[in-house]
Each structure stands twice: as C-alpha cells, then as structure tokens.
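Trainee: I should be grateful for a close look at a single part of this structure, namely its metal sites. Please describe how they are built and then place them beside the other bound ligand.

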Amino acid sequence: MPHVLRVALDTPLRRLFDYLEPEAGGAAIVPGMRVRVPFGRQRLTGLVIASAAHSEVPAERLKPVLEVLDPRPVLDTALLELLGWAAQYYHHPIGAVFAAALPRALRLGAPAAAREERWLATATGAAAWAAGEPRRAPKQRALLGLLAAGPATAAELEERAGSWREAARALLARGFIASAEVETPRSAGGATLRVAGPELLPGQQAAVTAVAAGLGTAGTFLLQGITGSGKTEVYLRLIEQVLERGRRALVLVPEIGLTPQLIARFRARFETPLAVLHSALSDAERLEAWRAAHGGEARIVLGTRSAVFAPVPELGLIVVDEEHDASFKQHEGGFRYSARDLAVMRARLAGVPVLLGSATPSLETLHNVTAGRYTRLALVRRTAEAQPPVLKLIDLRANALRAGVSTPAVLAIERHLAQDGQVLVFLNRRGYAPTLLCTACGWIAPCRECDARLTVHMGAARLRCHHCGADAPLPPRCPVCGFTVKPVGQGTERLEQSLGELFPGLSIARLDRDTVRRRADMEEVVRRMASGEARILVGTQMVTKGHDFPNLTLVVVLNADQGLFSSDFRAPERLAQTIVQVAGRAGRGAKAGEVLIQTEFPDHPLLTNLLAGGYEGFARVALEERAQAAWPPFARLAALRASAKSADAALRFLAAARAAARAPRPVRLLGPVPAAMAKRAGRYHAQLLVECRDRTPLHAFLAAWLPQVEALPSARAVRWTLDVDPIELF
Ligand code: ADP
Ligand code: ZN
Ligand code: ZN
C-alpha cells in the first residue's frame with residue numbers, strides 16, 4: 001500500500017517533499033489534490049503529485065499531512081503532466097510552477113468548488129411541525145414549515161423568508177433544524193448554437209475539414225491568413241463541432257486581443273457559459289472563472305497567457321490566436337514560459353488538436369511547418385469583396401516633414417479624407433515627445449533610475465520614464481542653466497495635436513495607453529471611429545488588433561526604422577509583423593486600402609522583401625539569415641539574466657556562472673554582456689547566453705549547471721533568472 005505522498009510546495013527548492021497520508025484515513029488521496037502540510041514552523045498548502053510506497057526520508061522524520069483540502073483533484077492528469085514537463089523544460093522549481101498554475105485564492109486554500117449553506121428540518125423538527133409547534137412564535141413556525149417541506153439554501157431563505165436568522169437560531173437551539181456547507185451544484189453547462197455562421201469560403205471550409213478530421217487526436221495546425229481573412233470564423237466553426245461532441249474548447253488570445261468585441265462574438269454565436277480569464281481580474285473573479293472551468297459548466301474557456309493552465313475537463317480543442325504575439329511569453333518573475341509552446345504540449349498530452357492562428361506567424365512556427373511537424377492551412381482571400389492593401393515606401397531623405405508627417409503622406413491623407421475614407425496614423429511611441437532638450441546647454445532630461453530619457457507628457461505637464469514609471473513635474477526652464485527647454489521628437493500626443501493643426505476642424509481619435517486606461521475608453525474610441533465621427537485615428541501598437549473599421553482606407557506608418565538596426569536578432573521579425581498587422585487595418589471594407597511607410601532606409605532588404613513578397617517573402621529571407629547565423633529556430637537558446645544595484649555585481653555573478661560551467665562541446669556560452677539599457681529602474685542588468693544546436697544537450701547542460709549557479713556566493717548579491725527560449729535579448 002502506498003502511504004507516502006509526494007507534494008509540490010511553493011518554495012525555491014527544486015524538488016518534491018514527502019509526507020505521510022493523514023492518520024485519520026478517509027477517502028483515497030490521489031495526485032492533483034491539495035493538502036495542508038507542516039513545513040518547518042509554517043503550514044503550507046501543497047499539491048499531491050504522486051504517491052509512493054517508500055521515501056528516502058528516514059521514517060521518524062516523515063510528518064503526516066494535516067488536512068486534505070479537496071474531495072477531487074483540482075488538476076487532472078494531463079495538466080499535472082504538462083506542469084511537470086514545464087518545470088523540467090523551463091528549469092524552474094516544480095512547486096513554483098504548480099503555484100503559477102493555480103489562482104491565488106486556491107493557493108491560499110479556498111475550496112475548489114463554490115459552497116453554500118444549506119438548512120433542513122431534523123426528524124424532531126418535522127415531528128414538532130406536524131404537532132403544530134412552535135405555537136407562540138409565528139416566524140419560527142413559518143421557517144420550520146418551509147424547511148419541513150424541503151431543504152433550502154441560505155440564499156433561498158433570504159428570498160422567501162426575509163429576516164430568518166433569528167428564528168433559525170431558536171429552532172437550531174431546540175434541535176428542530178440543522179445546517180451544513182455543501183458544494184453549490186453546477187449546472188450541466190449545455191451548449192447550443194444561437195445562430196448559424198455564414199457560408200464558409202473554400203479556404204475556410206478546407207481548414208475546418210482538416211482540423212475536424214483530427215478531432216480526438218493530437219496534431220498542430222497553423223492557420224495563416226491576413227487580418228480579416230476569416231480565421232475567427234474558422235475557430236467558431238471548429239468549436240461548434242467540439243461542443244457537439246460534448247467536449248470543451250480552450251481559446252488563448254494575446255493581452256491586446258481579448259476585447260469586449262471578441263467576447264461578444266463568442267456569446268452571439270453560442271448559448272453556453274463562457275469562462276473568461278485575464279490579468280485584470282480580481283482574485284474573487286478569477287476564482288469564479290476558474291471554478292466555472294473546473295466544474296465543467298463553462299464549455300468554452302477564453303483567456304490570455306496564464307489561461308493555458310486553466311482546468312478544462314474533456315478538452316477537445318485548443319486555439320491560440322495571434323500565436324506570434326509576444327504577450328504569450330511570460331517575461332516577468334522566475335517562471336518564464338511560453339503559453340503558445342505550452343498549449344502545443346498540452347494538446348499533445350491531451351490527444352487533441354491545437355490550432356495556431358496568425359497573419360504573421362513566428363519564424364519558429366513557420367520552421368515547424370517546413371520541418372513537417374505542423375500542418376499549414378492558408379486562408380488566401382479576404383472575405384466579402386475586400387482586397388489586400390497596397391504598400392508603398394516614402395523616402396524620408398527626399399521629403400520634407402511637417403510634424404513628423406512627410407508631404408506625400410499629408411497629400412495622401414487629404415486625398416483619402418476627400419473621398420470620405422478614414423485614416424490611421426501609426427506611431428509606436430506614446431507621450432508628447434521622447435526628449436526634453438535645453439537649446440542653450442544641451443541638457444536632456446534623464447531618468448535617474450534608467451539609462452533612458454524622460455518622455456514629455458504635455459497635457460499632464462509631467463516628465464515620465466516609460467521603463468521604470470518615474471514621474472516628475474515638467475520643468476519650465478533648464479535645471480542646469482536656466483534657459484528655456486523644448487520637447488524634441490514626436491509622440492502620439494503631439495501627433496494628435498499637429499494633425500489637428502494640419503487638418504483644422506477634423507475630429508481625431510487617439511488610441512494609446514495614456515488615452516485608453518479603461519475598457520470604456522476603448523469602447524468610446526471604437527464608437528467614434530465606427531460612427532465615422534472621428535476621421536483620423538492616431539495610435540500605438542494598441543491599434544493592431546480587434547477592431548474592424550470598414551471605412552478605414554489609409555494607414556500611414558510614421559517611423560518604421562526603429563526595428564531595422566537593433567542588436568536583437570528578433571527585431572526585424574517583430575517589425576515586419578507590426579507593419580503587416582497595422583497595414584491589415586486598411587481596406588477591410590469594400591474600399592481598397594493604401595499603406596504608406598515612412599523610412600530613411602527605403603533600400604533596406606527587410607522593407608524591400610516585405611513589399612515585394614509580403615510577409616511570406618520576408619519570412620523566407622529572414623529564415624535563411626537565421627540559419628546562416630545559427631540563431632533560433634536553427635539553434636536553441638537560454639539566457640541567464642542578472643540584475644543588481646551596483647554596476648558590476650551582475651556581470652561578476654555571470655562571469656562566475658560561466659567559469660563554473662563545464663559546457664560539453666555542442667553547448668556554447670556567449671557573454672556575459674551588459675544589457676543595451678544597462679541601468680533600468682535603479683538596477684544594472686546583464687546577461688549570459690547559452691546556445692546549442694539541439695535541445696537535448698542544452699537541457700542536460702542546464703540541469704547540471706543550475707545547481708552550481710545557485711550555490712555561487714555571488715548569486716546572493718544579485719537577482720537572477722533563467723529564460724529558456726528567450727524572445728527578447730538585450
Ligand atoms: P480574422 O479572424 O482572420 O481577422 P474574421 O473571422 O474576424 O477574420 O472575419 C472578418 C470578417 O468577415 C468578420 O466580420 C466576419 O464576420 C466576416 N466573415 C468571416 N467569414 C465569413 C464568411 N465565410 N462569409 C461572410 N463573412 C465572413
Ligand atoms: Zn541648459
Ligand atoms: Zn526610468
């Protein structure tokens with residue numbers, strides 16, 4: 001008989017902890033249940049991962065579990081397996097990985113299913129009621145009568161008997177009634193189609209058929225199609241089939257993609273409870289959504305990154321929309337997972353298909369298609385009569401600028417406005433100006449905590465750091481020489497103002513993190529654009545997803561050059577994706593779209609490839625370059641990152657880590673090097689890259705190396721993390 005439980009605890013230690021089954025006995029304890037255990041002087045909530053007959057720990061030191069918190073597992077076997085895999089793959093302590101997968105309320109011990117207070121009449125109570133008691137207390141008599149007829153929840157009593165608590169106390173004291181906490185029964189969670197979708201286009205039909213044929217077996221599909229080509233409609237059709245088979249679907253979307261419009265689209269199609277999980281939920285809301293998923297009531301679970309860990313009983317399909325999006329990668333804390341990659345692994349473990357959708361697939365995914373691991377399904381035509389937009393470059397060296405907008409762009413804006421079109425001007429920089437400069441002494445407002453300039457926010461009259469959040473009043477004069485200061489360069493705030501001067505009387509909307517803080521702000525911008533009241537939309541990255549403005553016919557990309565010469569090998573890919581996504585905003589209706597890209601480097605191969613061959617053309621050349629340079633996906637990377645308050649502690653730690661490494665031949669160590677922005681939020685950052693052609697030797701090396709890194713004396717002076725498959729290098 002197994003009597004030892006292996007428990008994952010949220011500690012930095014890379015291991016499980018053994019406990020004895022509780023002495024009291026009770027129902028069988030199976031993996032996936034939470035337990036309370038003694039840990040040193042603390043009591044912790046942990047998750048049972050396995051049971052065993054023996055432990056390495058001497059019998060006298062084994063302690064019993066204090067309490068079993070769940071009648072059923074909170075995580076099923078496939079999820080347990082996924083998390084175990086993730087702990088190994090990302091080389092992160094297993095207890096911390098399990099903790100990341102559970103809502104905070106559950107980590108603190110909240111019940112996995114909602115409970116309610118139920119009252120009933122005892123046998124004595126029922127007899128007393130029949131005998132006409134209690135005689136002189138009409139409220140008690142009424143309540144007893146109610147409960148004699150059948151049990152009721154506290155909420156029901158509230159509704160039917162008004163203030164009943166006092167009467168209940170009296171009846172309880174006489175043993176006439178009793179109460180208990182019971183699990184709130186979950187509704188079965190039916191699913192019906194509210195409205196049938198439109199007739200599918202041939203490409204959509206082929207995609208639906210291909211994935212539907214694989215329902216019930218593992219398989220990874222890439223659904224590639226430009227914005228508006230009908231990918232979401234394909235998801236909806238497949239989910240319809242999954243629901244018909246009595247199964248459930250998990251849909252992951254990027255942070256920016258989880259819009260009220262998208263949720264509304266799911267609700268409009270399916271009459272079924274939807275569990276929505278995203279980062280802005282309160283602990284209570286998250287627990288409620290998690291419970292709806294875990295209890296099986298929600299047949300569709302829709303969420304951002306961490307929803308990849310949501311419990312979905314009888315999972316039938318996983319969809320990852322905008323699979324290339326950087327927000328799928330957890331870039332904070334120690335557990336830096338890719339929700340996209342975990343979704344692929346989860347689907348494999350669960351034996352279900354996973355559909356990765358994108359207009360601009362990551363080069364990793366395209367490479368997996370070429371290698372035959374993923375199946376590519378393409379949507380070639382735009383729906384309805386919409387045509388793909390025409391892209392053109394504007395050479396900034398040959399054209400005068402007014403407020404950052406070149407003359408050809410101004411003329412194009414005038415032309416489209418005159419034809420009743422709407423215009424999007426894209427600038428990936430919020431604020432008024434990126435620099436505040438003293439024209440006399442050359443002083444530039446710096447962030448004291450970062451190697452960065454402070455951004456001018458004119459409306460708020462503040463200087464703000466976009467890296468650490470530092471915030472100071474806008475100085476009226478130069479703090480060094482007392483001369484006047486002036487904002488230099490363009491941000492969206494200034495652009496909105498300058499366009500207002502160029503096109504007086506025209507209504508301009510702005511979409512960035514300064515103007516859109518709440519959901520209602522976003523809805524207001526969308527309303528102004530959709531109604532045609534606003535004619536020009538100025539926006540950052542935020543404009544790339546989720547809205548359909550059929551009348552938007554011109555997109556101007558103000559500055560494409562930031563990504564052209566970055567030291568990060570992924571910068572060109574991100575730039576190409578951004579341009580294609582922004583361009584996709586144009587011409588979604590019946591009118592043809594035009595896209596103008598301002599650049600000082602019109603001959604740059606990235607831009608010329610993109611124009612000549614579209615994203616496909618860009619990707620082909622970019623993948624060749626990656627192969628030649630032996631960058632991912634032609635090699636595997638892990639980044640050991642460190643930060644410290646002093647300039648060289650981080651570098652010293654990384655150098656020691658490098659010295660401690662006995663890297664076998666195919667594994668290479670690169671660095672350490674300071675980050676491009678070495679000082680950030682008062683700390684100095686540096687990184688050491690580990691590179692290898694193949695996954696297996698890399699992971700074998702990391703597994704052997706990390707315990708040594710942890711044990712380094714210099715590790716105590718820094719904060720460090722290991723980032724496997726990093727997507728941003730610095
Ligand atoms: P994507 O997800 O690729 O951006 P959508 O699925 O949102 O594309 O489709 C774009 C627009 O076209 C939506 O308004 C959608 O309702 C509509 N649409 C999609 N498929 C069809 C179809 N087969 N027939 C008619 N309209 C469609
Ligand atoms: Zn000065
Ligand atoms: Zn700063």
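Mentor: Let us begin with Cys 441, which has a relative accessibility of 41% and therefore counts as partly exposed, since that class runs between 20% and 50%. The model is a predicted one, and the values below are computed from it.

Cys 441 belongs to the site of the zinc ion (ligand 2), where its SG atom is a donor together with the SG atoms of Cys 438, Cys 478 and Cys 481. These donors coordinate the metal at 2.2 to 2.4 Å. The angles that the 4 donor atoms subtend run from 101 to 116 degrees, which makes the arrangement tetrahedral. Along the sequence, the donor residues follow the spacing C-x2-C-x36-C-x2-C. Distant parts of the chain are thereby linked: Cys 441 sits in the loop between strand 22 and strand 23, while Cys 481 sits in the loop between strand 25 and strand 26 (485–488), 40 residues apart. Cys 481 is also partly exposed, its relative accessible area being 40%.

The zinc ion (ligand 3) has its own set of protein donors, the SG atoms of Cys 447, Cys 450, Cys 465 and Cys 468, which lie 2.2 to 2.3 Å from the metal. This site, too, is tetrahedral, with angles of 102 to 115 degrees among its 4 donor atoms. Here the spacing of the donor residues reads C-x2-C-x14-C-x2-C. Cys 450 is found in the loop between strand 22 (435–438) and strand 23 (455–457), and Cys 468 in the loop between strand 24 (462–464) and strand 25 (471–473), so this pair ties together parts that are 18 residues apart in sequence. The two cysteines fall into separate accessibility classes: Cys 450 counts as buried at 4% relative accessibility, whereas Cys 468, at 28%, is partly exposed.

There remains ligand 1. It is surrounded by 16 residues, of which Glu 199, Gln 204, Gly 228, Thr 232 and Arg 265 come nearest. By class, this shell holds 4 nonpolar, 7 polar and 5 charged residues. Helix 9 (residues 231–244) supplies the largest share of the shell, namely 3 residues. As for polar contacts, a side-chain N or O atom of Arg 265 is 2.7 Å from an oxygen atom of ligand 1. Backbone atoms take part as well: a polar backbone atom of Glu 233 is 3.0 Å from an oxygen atom of the ligand, and a backbone N or O atom of Ser 229 lies 3.3 Å from one. Taken alone, ligand 1 exposes 550 Å², and the protein buries 74% of that area.

Key:
Residues numbered from 1 in each chain as written. Chains lettered and ligands numbered in written order. Predicted model: local features only at pLDDT ≥ 70, side-chain atom pairs only at ≥ 80, totals over all residues. Heavy atoms only, no water. Donors = N, O, S within 2.8 Å, 3.2 Å for Na, K, Ca; no water. Tetrahedral: all angles 85-135°; square planar, octahedral: opposite > 155°, others 65-115°. Helix = DSSP H or I, 4+ residues; strand = E, 2+ residues; numbered from the N terminus. Buried < 20%, exposed > 50% of the residue type's maximum accessible area, 1.4 Å probe, protein only. Near = heavy atom within 4 Å. Polar contact = N/O pair within 3.5 Å; in protein donor to acceptor, adjacent residues only side chain to side chain. Areas by Shrake-Rupley, 256 points an atom, 1.4 Å probe, with all protein chains shown as cover. Nonpolar A, V, L, I, M, F, W, Y, C, P; charged D, E, K, R; others polar.
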